[in-house]
Every structure is written in structure tokens, then in C-alpha cells.
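Please open the structure in your viewer, with a cartoon for the backbone and sticks ready for side chains. The stops below are given as selections, each followed by what is to be found there.

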Amino acid sequence: MGSHAVTEGLFRHRGADLVYEDAGEGPLVVYAHGGFVSRAVEDRMGLFDWTPVLDSGRRLVRYDARAHGRSTGDPVDADYTYPSLADDLLGLLGHLGVTRPADAVGASMGCGTVLHAAVRAPGRFSRLVLLLPPTAWATREAYARTSLASAGVVERDGADAWIAARQDRPRPAVVADVPAFPPTPPERVLPSVLRGLAASDLPAPAALAALRRPALILAWADDPGHPLSTAEALADTLPRADLHVSRTRADVGTWGLRIAEYLNPTRA
């Protein structure tokens with residue numbers, strides 16, 4: 001976060017304690033991370049640089065999703081579907097006392113969270129930034145089968161067996177040198193997270209076509225879990241979307257600046 005002071009807060013929502021950090025001053029940007037990681041893990045991965053967003057005069061709130069990182073959660077499958085996670089995001093906005101539309105950024109699972117929240121309550125949001133849209137619609141069924149099988153592995157053989165199996169999967173070239181981290185949801189909750197995500201999908205294209213919020217889509221190439229087909233379909237479906245695809249790690253390093261410029265068009 002550079003020189004910007006960071007404070008930490010907690011709000012209780014639907015039986016869970018959700019932990020967030022609050023930095024900077026100005027119009028609000030809220031960020032929802034991807035599945036199985038956390039704020040701290042993403043910082044250690046070093047993929048996303050939030051300094052340009054803060055330096056542009058924005059307040060940035062990042063939170064640990066239910067059962068991820070320092071937030072708590074129960075082994076209830078339905079708690080980890082995209083619509084339920086969207087309810088957590090809307091609850092956070094209510095907790096923060098937000099009265100004006102906020103900008104929202106979401107990565108992977110967080111992308112699904114943001115889109116479901118925006119479709120449900122479009123008046124709560126201004127601009128959207130969708131990082132690494134997850135596999136969706138026609139390609140979601142195979143992901144769901146794999147996630148359900150993974151939940152069974154964790155329950156039968158433990159989380160370490162699932163982690164070991166994941167290590168054999170090829171990684172996108174743009175992040176091949178980024179260290180892998182174990183999942184942050186505790187083992188007793190991990191199967192429910194996997195089943196909740198298996199039961200999830202992005203909002204229906206018809207619902208997205210009616211969402212008239214400006215959206216920036218940032219994707220990278222050669223990632224089966226976040227295929228360009230999803231990013232391209234989103235760009236075609238959302239009425240006011242721009243798409244940028246990165247093919248090198250250096251270009252991914254520009255995402256923070258791209259986000260800052262997109263959220264502050266008068267400054268660009």
C-alpha cells in the first residue's frame with residue numbers, strides 16, 4: 001500500500017466475521033479477491049499493485065471473503081455460491097455506510113461476486129473492473145465436476161492430497177514464476193467452498209446485457225480456469241465493456257495503473 005495508512009475492520013454478516021482493510025481517502029473502491037487466497041496471500045504473490053489506485057485519490061477497501069484468510073465461515077455449501085458471496089459484498093457496503101455508488105473490482109471468484117452484486121443492486125455501483133473472469137456458462141460444467149471431485153478428495157484423503165494433485169496442473173506462462181500457496185479456507189470448510197463454487201456461475205447473459213455500468217475486463221492468456229472465451233463473451237455481452245488481454249508478466253504489472261486510469265477517467 002506504499003505510504004498510505006491502513007486500518008483494519010471487522011463486520012459480522014450472516015453468522016461470519018468478515019475482516020477488511022481500509023486505506024486512502026476519496027471515492028470508494030472495494031475489492032473482492034479470488035477463491036482460496038486472501039488479501040495477505042495476494043500481497044505475497046505480488047501480482048496486483050494497488051498503489052496507483054490509492055495515489056489517484058481513492059479509498060480502497062479490500063476484504064477476506066467468507067472462510068478465507070482471517071474471515072470466518074461455516075461448512076455450509078450454500079454460503080460459498082456467487083450469489084451468497086455477493087450478499088456479503090453488499091453487506092460490507094452497508095456496514096461502511098456507503099451512500100453513493102461505489103466502484104468495485106473483483107478477481108476470479110471475486111469477479112463472480114461483483115457481477116452478481118451489480119446485477120442485484122446496480123444502483124450501488126458505478127464502474128466495475130473484472131479481473132480474470134472465471135470459466136462460465138458453456139465451459140462451467142467441466143469446472144463444476146472437477147470441483148465436486150476435489151471436495152470428495154479433501155473429505156476422503158485430506159487437503160494435502162488435493163493440494164498435491166493441483167501441483168501437477170499446468171500454470172499460465174504469465175504467472176509460471178509466481179509461488180503457489182496452500183488454500184486459506186480451513187480444511188473443515190474447504191469441501192463446502194469447493195461445492196459452493198461448483199454450484200456457481202456468472203449471471204445469465206440476458207441479465208448482464210441489462211447492466212449498463214462501465215466495465216473494464218483484464219484477462220491473461222492460456223489459463224483454462226480463466227479462459228479468454230469467458231472474458232471475450234463478457235466484453236460482447238456487457239453494454240459498456242473494454243477488454244485488455246495480457247500475454248506477459250510485465251503487462252500484468254501494468255494492471256494497477258490501468259485500473260487507476262479507468263476509475264479516474266478525468267485524470268487520464
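Select Val29 together with Leu60 in β4, since these two residues are bridge partners in this predicted model. Widening the selection to the whole of strand β3 (residues 28–32) and to β4 shows two strands that run parallel and are joined by five bridges.

Keep β4 on screen and add β2, which pairs with β4 in the antiparallel sense over four bridges. A convenient place to look at this second pairing is Tyr20, which stands opposite Tyr63 in β4. If you now colour β4 by relative accessible area, with the buried class taken as under 20%, four of its five residues turn out to be buried, so the strand is largely enclosed by the rest of the structure.

Next, show the side chains of Arg62 and Glu21, which meet in a salt bridge with an N to O distance of 2.8 Å. This pair links distant parts of the chain, with Arg62 in strand β4 (residues 59–63) and Glu21 in strand β2, 41 residues apart. Are these two partners buried or exposed? Arg62 counts as buried at 0% relative accessibility, and Glu21 is buried too, with a relative accessible area of 10%.

From here, extend the selection to Glu8, Arg39, Asp43, Asp64 and Arg70, because salt bridges that share partners join these residues with Glu21 and Arg62 into one network, and a salt bridge needs a side-chain nitrogen of Lys or Arg within 4 Å of a carboxyl oxygen of Asp or Glu. By that rule the count comes to 21 salt bridges.

Another of these is found by selecting Arg14 and Asp88, whose side chains meet at 2.9 Å, N to O. Arg14 sits in the loop between β1 (6–13) and β2 (16–23), whereas Asp88 belongs to helix α3 (residues 82–95), so that the two lie 74 residues apart and the pair links distant parts of the chain. Arg14 is partly exposed, with a relative accessible area of 34%, while Asp88, at 1% relative accessibility, counts as buried.

Leave Asp88 selected, for this residue also belongs to the lining of the largest cavity. A search of the whole structure finds one cavity of 30 Å³ or more, and about 50 Å³ of space lies in the largest cavity. To display its lining in full, add Ala32, His33, Tyr63, Ala65, Arg66, Leu85, Met109, Gly110 and Thr113 to Asp88. Which elements give two or more residues to this lining? They are α3 and α4 (109–120), and α4 gives the most, with three residues. Coloured by class, the lining residues divide into five nonpolar, three polar and two charged. Tyr63, met earlier opposite Tyr20, is one of the residues that line this cavity.

For the last stop, select Arg249 and Asp177, whose side chains meet in a salt bridge of 3.0 Å, N to O. Arg249 lies in helix α10 (residues 249–252) and Asp177 in the loop between α6 (159–166) and α7 (190–198), so the pair ties together parts that are 72 residues apart in sequence. Here Arg249 is partly exposed, with a relative accessible area of 29%, and Asp177, at 57% relative accessibility, counts as exposed.

How values were computed. Residues are numbered from 1 along each chain as its sequence is written. This is a predicted model: local features need pLDDT of at least 70, side-chain atom pairs count only at pLDDT 80 or more; totals for chains, interfaces and linings use all residues. Side-chain values use heavy atoms; hydrogens and water are left out. Buried means under 20% relative accessible area, exposed over 50%, partly exposed in between (1.4 Å probe, protein chains only). Two strands pair if DSSP finds at least two bridges between them. On a 1 Å grid over the protein atoms alone, a cavity is a set of points where a 1.4 Å probe fits but cannot get out, and a pocket is an open set with protein on both sides within 12 Å along at least five of seven lines; lining residues have an atom within 4 Å of a point. Grid points are joined across faces, edges and corners, and a volume is the space filled by probe spheres set on the points. Ala, Val, Leu, Ile, Met, Phe, Trp, Tyr, Cys and Pro count as nonpolar, Asp, Glu, Lys and Arg as charged, and the others, Gly among them, as polar.
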